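Trainee: I have a structure to go through. Can we take it piece by piece, and can I ask for the reasoning each time?

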Amino acid sequence: AGLTLAPGFVRYSQAQSSAPIKIGFQSHRTGIGAAYGRWYEKTSAAAVKAINDAGGINGRPVELVIEDDGTDPGRGAEVVGKFATQHKTDIVFGTLFSHVVIGSAPAAGENKIPYFVVSEGHHVASTKLNRYVFQPGITDVKSQIQSMAPWIAANAGKKVTQIFPDFAFGYDHRDYLPPALKAQGAEVIAQIAIPPTESSFTKYFPQIPAETEVIYHVMVGPAVLTFVKELGEFYGSNRPQLFGFMDSLEATDINSPGLEFLDGSHFWEGSPRYAQADDSAAQKAYRAAVGIDDNGAAVGDPKDVSTASHMFGCWETLYVVKKAMEDAGYKGPEDRAKLVEATEALTEFAEGPEHPQGPKTFNGKIHQCFGIQNISKVEGGKLTVVHKTKIEDGLYEAEGDYTTQAL
Amino acid sequence: MMPLLTTKNLARNFGGLRAVDGVDFQLMPGEIRAVIGPNGAGKTTFVSLISGRIQPSSGMIVFDGADITSQPAYLRVRQGIAYTFQITSVFANLSAYDNVALPVQRTLTDGRSKGAVRTGVMAALERTGLADRAHMPAGQLSYGHQRLLEVAMGLALKPRLLILDEPTQGLADSEIDNFIELVREIAKSATLLLIEHNMPVVMQLADRITVFNAGRILAEGTPEQIRANTQVQEAYLGTAP
Amino acid sequence: MHFGPHLLLAALEGLVTSAVLALTALGLSLVFGVMRVVNVAHGEFFMLGAVLAWAISTAIPGHPTVGFLAALVLAPLIVGAIALLAERLVLRRLNYNPEATIVATIGMLYIIQQLALSFYGPEARPVEPPFSYRILLPWFGYSGYKLSIIAASALLLVATWLVLTRTKIGLIMRATQYDSETAQAFGIPVDRVYAGVFALGAMLAAIAAVLIVPISQAHYLMGQDPLLLSFIVVIIGGLGSLRGTVVAAVLIGLSDGIISVFFSPTLAKIIATLLVAMVLVFRPQGLFGTASR
Amino acid sequence: MTEAPMTEALTISGLDCFYGEVQVLYGLDLVLNKGEVLCLFGRNGAGKTTTLKAIMGLVPASAGSIRLEGKELTGLPAHEVPKTGVAYVPQGRRLFAEMTVAENIEIGLMARGKGKAVRENVLDLFPLLRQRLRQRSGTLSGGEQQMLAMARALCLEPQVLLLDEPTEGLMPSMIAKIRETVVKLRELGVSTILVEQRVDAVLSVADRVCFIENGRNRETVDVEQLRADPSAVRRYVGVG
Amino acid sequence: MSEASPAKAYALHLGVIALLFALSFVLPDYHHGLLARIMVLAVFAMGYNMLFGYVGLLSLGHAMFFAAGLYGAGLAVIHLGWNVPLAFLAGIACGALLALVIGLLALRTTGVAFMIVTMMFAQVFYLVILYFAAWTGGDQGLVVPQPARVLSFGATSLDLTNPTVRYMSALALFSIVLLITLAIVRSRYGRVLVAVRENEERTKMLGYDTFSNKLIAVVVSGTICAASGAAYALLFGYVGSSFASVQYSILPLLWVLLGGAATTLGGLIGTVFMYYVIDIASGYTSAYLLIVGIALILLVLFFPKGILGTIRQRWLGWLP
Ligand SMILES: Nc1ncnc2c1ncn2[C@@H]1O[C@H](COP(=O)(O)OP(=O)(O)OP(=O)(O)O)[C@@H](O)[C@H]1O
Ligand SMILES: Nc1ncnc2c1ncn2[C@@H]1O[C@H](COP(=O)(O)OP(=O)(O)OP(=O)(O)O)[C@@H](O)[C@H]1O
Ligand SMILES: [Mg+2]
Ligand SMILES: [Mg+2]
């Protein structure tokens, strides 16, 4: 590690080189993921600044090189190639949308460049990708769902109707929720898949069985507001319990017209959007560094709402990269294999400034981390955390082992 | 002798209008037949039925002994019925050469020889006097030359029956003389069905003349007979002889 | 829910979709019909209408109705002006060559999208409806505003129809459409007709967008679906037939919703798309088109 | 025709025209006197149609001038030209094919804001059209189309009429009719430029004949002169 | 088109191929990799051009043929464990078959109706991919495992994930398709295709069965696009539904229009142009779509018929 002389005064150790460590940031600047992309960039910039202010990695400063992938898997693969062969970055980082991750993974594997994604999809942990792909900063969807089930069954109701998008992200919910609920003595009584191109939803609501006690909804894309509003128009005040995934309303003001209907409903949150009474010092510092206010909006622009539930993963992933590089004594691209192994060797991340969302465990075989999840209630135009899950709630049997693959 | 072309009770309606109304028509091999008649009498419609551009409402068409009523147009062309359009219809963006090469290569069976295409094309262009414009895009030819190109394309198909729909339209008088020569020469190897309003041309060329009126055949006969027919004078020729 | 009410709901939803689609498609139909250019940026004019509606309605304080009405007037005007500018600066110089305009309008699409992204942002933002009256039916509740969209669209369609059939404007447009050179020889200022039609087409798309934002949201990528659906509607209806455009919009709006009552949604979309495609396969001129292109 | 000084209806001087890179008219000079029928005569491709299009502003003049009673037409946008009283019957008819006969006539009337009376007059000239007012003009027979093209132009009540081979494709009785119309219009004071290919037509209606060759005005002669010696025509158009 | 200067044309094309071959040895890694991808996609553009440029049929559904090749090859490897050559053939066969069916239906229409019908069929194809997510991986797509992407002939084997092998495979495919295109275009069949484009009615009246000719063209075009898709799956290891979306139908149209419709090399030029404009512009600003849009408009203002199309029109009339 570098020698930090005093706070605020930084010197990079002259070990070999003070050339920056280059991190290729594959960003969704355009395309459907742009709202996330912007906040991922903000968060990552804040993390890099924090890391550099504290002496960088192995005494070298960190530099982000950003390329837009257009939220398109084809372009994503090209961008990974560009990082590896033109920018010659040390790693690639930052991707959210799962089709981009899957489309880019072969390029990462062929270029033998470690690829740290912040996508929450189950694809990394499924071990269908390759040894160079990691997800150490955010819990995957399968685990998230599994850890929601006990609370839903105990507090919301036993008869659950699921509404989810008719594509891969939704399928995780479709496939993993029913067994998880069953284990808790509740059941899924209907599953309503909605095509990704849909922009209005009312016509699907009659399919919700009358005996439904809980509507479990997860939608993504720009039409989610419509979804909630139309649900409101459909049910009025006389509605079942609602449990949703925050993915639906990331970057959207919970006080938008038409969302009054959500009052009293519950949401999964990765990292809470609103500042909570019991926030740790690390959480507070993280929010200040990224520049979001107590309502989770950009400081100075209350209309610019962040993607708080996910973007913390960028911050944490960068700290994992730092840790792994330091463990590996990483010097340059020739050490990429060592970096992979060092990352795989990680097991535990303690809560703190580097992991403000909470403690995590990491499974090196499946390249996936597992953390705590939050369940928040919408009250008075705010989201208040009412329950935090345990890491164990979300653990499952590993489906494979990346470490057996050649490097 | 067996007629080359026979139509039996051929008819075509457009909505309520009977554009061609039960026409029985016979054409002998080797003759030059002119079809005249007032504007809107149904001449173009009639030959369109023969060439297969439009389908008849009823009736039958027999070509060279075979019933072709329900054959698609391209098969009729392959059997030797060629049609030149009344409203010019050439490939405007292709060179005159390519325009003629298309029908020429259609008729060549050996498939290979590029030379054969070239000779065939140039022969057809030569005969219509367009040889020195072979490389001009057809769309840039003047209207009259486009008409000649139409004829060249028809020629190049080596048809047994060549249908010319008002071929002298837009031709200068000076070119018409050459044109008459050309038609006479074509007639040596093909049967001709010629729609014309230019009476001097008709009178000079036709062996026989069929007069259409209101979708029906009004009269048929030699040029002299037709010229003398008072009905025809009334319906068509007007005061002018 | 019982079958009857379910169908009723699907039909209502379908009609709302149809209403907005008919307006958007009408704009495209004018541009495509008269100028013979495939305007790939048509959907972006739609998007711009929605984005401007958000900007205008949030800039104007007070009751949401005021902001909405202002948007309904201003957004189409601004979009029309932008379209006019694009026509003058680009399309005219290309002589409306069909192929070159495809490239140019793809270029416009990129530019408009990027400007929206840079200045408006990637988020989906809602606009408050001018009134929010929930109509209570025995089986479910339904938004009164949605019903008013159907009415507004019908009104606009009738107005356009009157202009096209009862005034000389319609005749002038059609003459330009069939033979612009000869039209000039009869005193028709083809340039101005083109510019006007292009602007009008964009404005119709913008109006449709302003009507729909209160129930969906403004988003910088919202233009693609209306573009594709409009093209489908215009061609299925039969080019140049206003009646066809409306019928096709209703057909497409309804079929989607109603088929989804019987099948799983994605399968329903597959079946609906295939059915509509088959209409064209067996009636290439569209439902109300005259034979030959 | 005497040589009495007539005012000029249309004057073309030194006109150059190009299609893209290709020059078609080379310094063409032409004068149309008031109330006369001037016939343009020349081989296919000589540039007759181009001359008429240039007058209508449909082909830009790259040099030279075109004046209508002294008023400059060059540079005027094409759609302004008909408003000055010049009407055009294009070669190949160029009807608005998808529109009905009535609508085609309506377009003609609109150009100079003429009303019902003009329409009736025009339809009286072509009674055949009256029966077909509702038919799509594209489905008219060739001859019917030509009549409609004439009728549409006459709806402008023009002072100068440009006719590009108006008898093309017409039956003899109809040709006679068109010629009568041309003569009648002359009596009404309309000046006409008539592009023709038929010598007999030229001789029967023209006052003067202008021989165009390769985009140049080779000679303009009084028709009397040709009547006296029809073979002169061949000389002028350069046919051996 | 005409008989003139065949030698010049062949020399030019062989020259282009030789240049691409030589570039393989001098290009920096990044551009080397990018060019490999561009060549594969240029094949897509060339297949599209076959139908759009030469026959004048504007399809907005060619993504389905590309995707048919992509999935045909990719799924054959992933689910059936087929080897690379077999999978490649499977992809091509899927595309050809699909093109035949689509051609039989869509060719009943012409003009804009054809454009819309093909777009809708492609949309159906796209939705079908999503619907059968269990096999296709839905919108996320699937990875073609790296170990399967090896071409083995007895003892020797070629690893398609190796940059040089990949580049040369792409070049080989590109060259073959380019020369096939050139041969078709210069043949009598090519002349008939152009005639159909220019005036179908007239072509019929010259004795040509235009429907069959068009159908053959659709199949040839679809097969070439499928070859591109199959190569993409095998060379780059990913199959995904976004390649079947309408954007990927518009892209080849854009590439062809930029390069010049009905020019044999237009597909390549257009693809290169578009790729590098995006690549370079995104290096300067995050608002690069603005620059791309302006570049497209400027290009088309100065080269209204595409780059090669305009060059041919103004200067080099002999360009095929
Ligand atoms: N597609 C159509 N729809 C309706 N009417 C048509 C159609 N085609 C032709 N007609 C009508 O049928 C009649 C015959 O037309 P046709 O073109 O055969 O006449 P023609 O004898 O060739 O006349 P011309 O000598 O003027 O060319 C005309 O009255 C015409 O208006
Ligand atoms: N659109 C065009 N592009 C290029 N050249 C053209 C175009 N139109 C006509 N030309 C050329 O201009 C010349 C004059 O054509 P124009 O049509 O004026 O002749 P014309 O005297 O009217 O002949 P015709 O008696 O055959 O109608 C011809 O050589 C023709 O090839
Ligand atoms: Mg006729
Ligand atoms: Mg002419």
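Trainee: Where does ligand 1 lie?

Mentor: Ligand 1 sits between chains B and D. Keep in mind that this is a predicted model.

Trainee: How many residues surround ligand 1, and what makes a residue count?

Mentor: A residue counts if one of its heavy atoms lies within 4 Å of the ligand. For ligand 1, 22 residues surround it. The closest are B:Lys43, B:Thr44, B:Thr45, D:Thr139 and D:Gly143.

Trainee: Which elements supply at least two residues of that shell?

Mentor: In chain B, strand 2 (17-27) and helix 1 (43-51) do so, and in chain D helix 5 (142-154) does. By class, the shell around ligand 1 holds 6 nonpolar, 12 polar and 4 charged residues.

Trainee: What makes the pair between B:Thr45 and ligand 1 a polar contact?

Mentor: The cut-off is 3.5 Å between N or O atoms. A polar side-chain atom of B:Thr45 lies 2.5 Å from an oxygen atom of ligand 1. That distance is within the cut-off, so the pair is a polar contact. The side chain of B:Asn39 has an N or O atom 2.7 Å from an oxygen atom of the ligand. From D:Thr139, a polar backbone atom is 2.7 Å from an oxygen atom of ligand 1.

Trainee: How much of ligand 1 does the protein bury?

Mentor: The protein buries 86% of the 640 Å² that ligand 1 exposes when taken alone.

Trainee: Why is the site of ligand 2 called shared?

Mentor: Residues from chains B and D surround ligand 2, so the site is shared between chains. Of its 19 surrounding residues, B:Gln140, D:Gly45, D:Lys48, D:Thr49 and D:Thr50 come nearest.

Trainee: Which residues have polar atoms at short range from an oxygen atom of ligand 2?

Mentor: Among them is D:Thr50, with a polar side-chain atom 2.5 Å away. A backbone N or O atom of D:Gly47 lies 2.9 Å from an oxygen atom of ligand 2. For D:Gln91, a side-chain N or O atom is 3.1 Å from an oxygen atom of ligand 2. Taken alone, ligand 2 exposes 640 Å², and the protein buries 84% of that. Two elements give two or more residues to its shell: helix 5 (143-156) of chain B and helix 1 of chain D. The largest share, 3 residues, comes from helix 1 of chain D.

Trainee: What makes D:Thr49 and D:Gln91 donors of the magnesium ion?

Mentor: A donor is an N, O or S atom within 2.8 Å of this metal. The OG1 atom of D:Thr49 and the OE1 atom of D:Gln91 lie 1.9 to 2.2 Å from the magnesium ion, ligand 4. Both meet the cut-off, so they are donors. D:Thr49 lies in helix 1 (residues 48-56) of chain D, and D:Gln91 in the loop between strand 6 (86-89) and helix 2 (101-111), so the pair ties together parts that are 42 residues apart in sequence.

Trainee: Why is D:Gln91 called buried, and what is D:Thr49 called?

Mentor: Buried means under 20% relative accessible area. D:Gln91 has 14%, so it is buried. D:Thr49 has 22%, and that makes it partly exposed.

Trainee: How do you know that strands 4 and 5 of chain B pair?

Mentor: Pairing needs at least two bridges. There are 2 bridges between strand 4 (residues 58-63) and strand 5 of chain B, so these strands pair. They run antiparallel. One bridge joins B:Phe63 to B:Ala66. The open sheet of chain B has 4 strands in the order 2-1-4-5.

Trainee: Why are strand 2 and strand 5 of chain D edge strands?

Mentor: The open sheet of chain D has 4 strands in the order 2-1-4-5, with antiparallel pairing. Strand 2 (22-33) and strand 5 (71-72) each have a single partner strand, so one side of each is left without a neighbour in the sheet.

Trainee: What makes the phi of A:Thr127 worth a remark?

Mentor: Most residues other than glycine have a negative phi. A:Thr127 is not a glycine, yet its phi is positive, about 60°. Its relative accessible area is 18%, under 20%, so A:Thr127 is buried.

Conventions
Residues numbered from 1 in each chain as written. Chains lettered and ligands numbered in written order. Predicted model: local features only at pLDDT ≥ 70, side-chain atom pairs only at ≥ 80, totals over all residues. Heavy atoms only, no water. Polar contact = N/O pair within 3.5 Å; in protein donor to acceptor, adjacent residues only side chain to side chain. Areas by Shrake-Rupley, 256 points an atom, 1.4 Å probe, with all protein chains shown as cover. Nonpolar A, V, L, I, M, F, W, Y, C, P; charged D, E, K, R; others polar. Donors = N, O, S within 2.8 Å, 3.2 Å for Na, K, Ca; no water. Buried < 20%, exposed > 50% of the residue type's maximum accessible area, 1.4 Å probe, protein only.
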